[in-house]
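Thanks for coming. I will take a few minutes to walk through one structure, so please have it open in front of you.

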Amino acid sequence: SNQTYIAGIACVTAATGKTTFQDCAFTGKIKATAAPTKATAMYVGGLVANCGSAEFTNCYSDGSIELSNTTFTTTVGGLVANATGNSTYKDYIFTNCYNATPITAGGKIAGLVGGTPTSATAGVFKFTDCYNTGDISAKATKAITSAPTAGIIVNYTPGSVFTRCHN
């Protein structure tokens, strides 16, 4: 497949096991100048572009994400662009995390997690004391006329939990 991964800390984490991020921050600038096409997937995350099962504690994004071409679909998250859990390594835990990075793109866009697995066997998301203050804007693209956009997470799986979170 033709994919582009761009992130402030890690482009891709392991598909097996759980990765831990503690006291991590993205305060820099990501400028994606690639021109995605219908056949190209672009994942841009403040911390991680393509993330297997992970735990994030006291992490935040307060930088700049600029996409020079929003003509085709991208997946963008202030913390994680795309969560790729599977039936064995599947859970995502976010504690005391936030996004303040403004994001404008075409496709799946969210303050914390952009793309997610959508079946219950792919895991659950647990957010505690998390929030978004970044402006999140979706642009219609040539590939789609509307895009899912959210302050915290675009899609969540059954069993996911949100405690004291706000946008």
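**Starting from Ser61**

I begin with one pair of side chains: Ser61 and Asn99 are joined by a polar contact of 3.4 Å. Before going on, note that this is a predicted model.

Where does Ser61 sit? Its place is in strand β9, residues 60–61. Is Ser61 buried or exposed? Ser61 has a relative accessible area of 0%, so it is buried. Leaving aside neighbours within four places in sequence, Ser61 is in contact with a set of residues including Phe26, Gly46, Gly78, Leu79 and Asn99. Tyr98, Ala100 and Thr101 are also among those contacts.

Let me follow one of those contacts, Gly46. Gly46 lies in the loop between β6, residues 40–45, and β7. With a relative accessibility of 0%, Gly46 counts as buried. Not counting residues up to four places away in sequence, Gly46 touches, among others, Ala7, Gly8, Ile9, Phe26 and Ile30. Ser61, Ile65, Gly77, Gly78 and Leu79 are also among the residues it touches. How far apart are Gly46 and Gly78, in sequence and in space? They are 32 residues apart in sequence, and their C-alpha atoms are 4.9 Å apart.

Now the chain as a whole. The protein chain has 22 strands and zero helices. Of its 167 residues, 47% are buried. If we take contacts between residues at least 6 apart in sequence, 82% of them join residues at least 24 apart.

Next, the sheets. One is an open sheet of four strands, in the order β2-β7-β12-β17, with parallel pairing. At its edges stand β2, residues 10–12, and β17, and each has a single partner strand, so one side of each has no neighbour in the sheet. From one strand to the next, the twist in this four-stranded sheet averages 30°.

Looking inside that sheet, β7, residues 48–51, is joined to β12, residues 80–83, by three bridges, and the two run parallel. Asn50 has Asn82 in β12 as its bridge partner. On to the next pair: β12 and β17, residues 113–115, are parallel and share two bridges. Which residue of β17 is the bridge partner of Asn82? That is Gly115. Val80, for its part, is bridged to Val113 in β17.

Val113 comes up again in the core. The largest nonpolar core has 34 residues, and those touching the most other members are Phe56, Phe94, Val113 and Phe127. As general background, nonpolar side chains tend to be buried together in soluble globular proteins. What does Val113 contact, apart from neighbours within four places in sequence? Its contacts include its bridge partner Val80, and also Ala83, Phe94, Phe125 and Phe127. Ile152, Ile153 and Val154 are in contact with Val113 as well.

There is a second open sheet to show. This one has five strands in the order β3-β8-β13-β18-β22, again with parallel pairing. Its edges are β3, residues 19–22, and β22, residues 161–163; each has a single partner strand, so one side of each is left without a neighbour in the sheet. Here the twist from one strand to the next averages 5°. Within this sheet, β3 and β8, residues 54–57, run parallel and are joined by four bridges. Thr20 stands opposite Glu55 in β8.

Two further pairings deserve a mention. Strand β11, residues 74–77, pairs in the parallel sense with β16, residues 107–110, over four bridges. In that pair, Val76 has Ile109 as its bridge partner. Strand β16 is also joined to β21, residues 149–150, by two bridges, and these run parallel too. Opposite Ala110 stands Ala150 in β21.

Last, the cysteines. How many disulfides are there? The count comes to zero. Cys59 is in no disulfide, and the nearest cysteine sulfur, that of Cys24, is 4.4 Å away. The cut-off for a disulfide is a pair of cysteine sulfur atoms within 2.5 Å, so a pair at that distance does not qualify. Cys59 counts as buried, at 1% relative accessibility. Cys51 also counts as buried, at 0%.

That is the tour; I will take questions now.

How values were computed
Residues are numbered from 1 along each chain as its sequence is written. This is a predicted model: local features need pLDDT of at least 70, side-chain atom pairs count only at pLDDT 80 or more; totals for chains, interfaces and linings use all residues. Side-chain values use heavy atoms; hydrogens and water are left out. A nonpolar core is a set of buried Ala, Val, Leu, Ile, Met, Phe, Trp, Tyr and Cys residues joined through side-chain atoms within 4.5 Å. Buried means under 20% relative accessible area, exposed over 50%, partly exposed in between (1.4 Å probe, protein chains only). Contact means heavy atoms within 4.5 Å. Two strands pair if DSSP finds at least two bridges between them. Axes are lines fitted to C-alpha atoms, for helices over the stretch in contact, and angles run from 0 to 180 degrees between N-to-C directions. A polar contact is a pair of N or O atoms within 3.5 Å; within protein, one must be able to donate a hydrogen and the other to accept it, and residues adjacent in sequence count only if both atoms are side-chain atoms.
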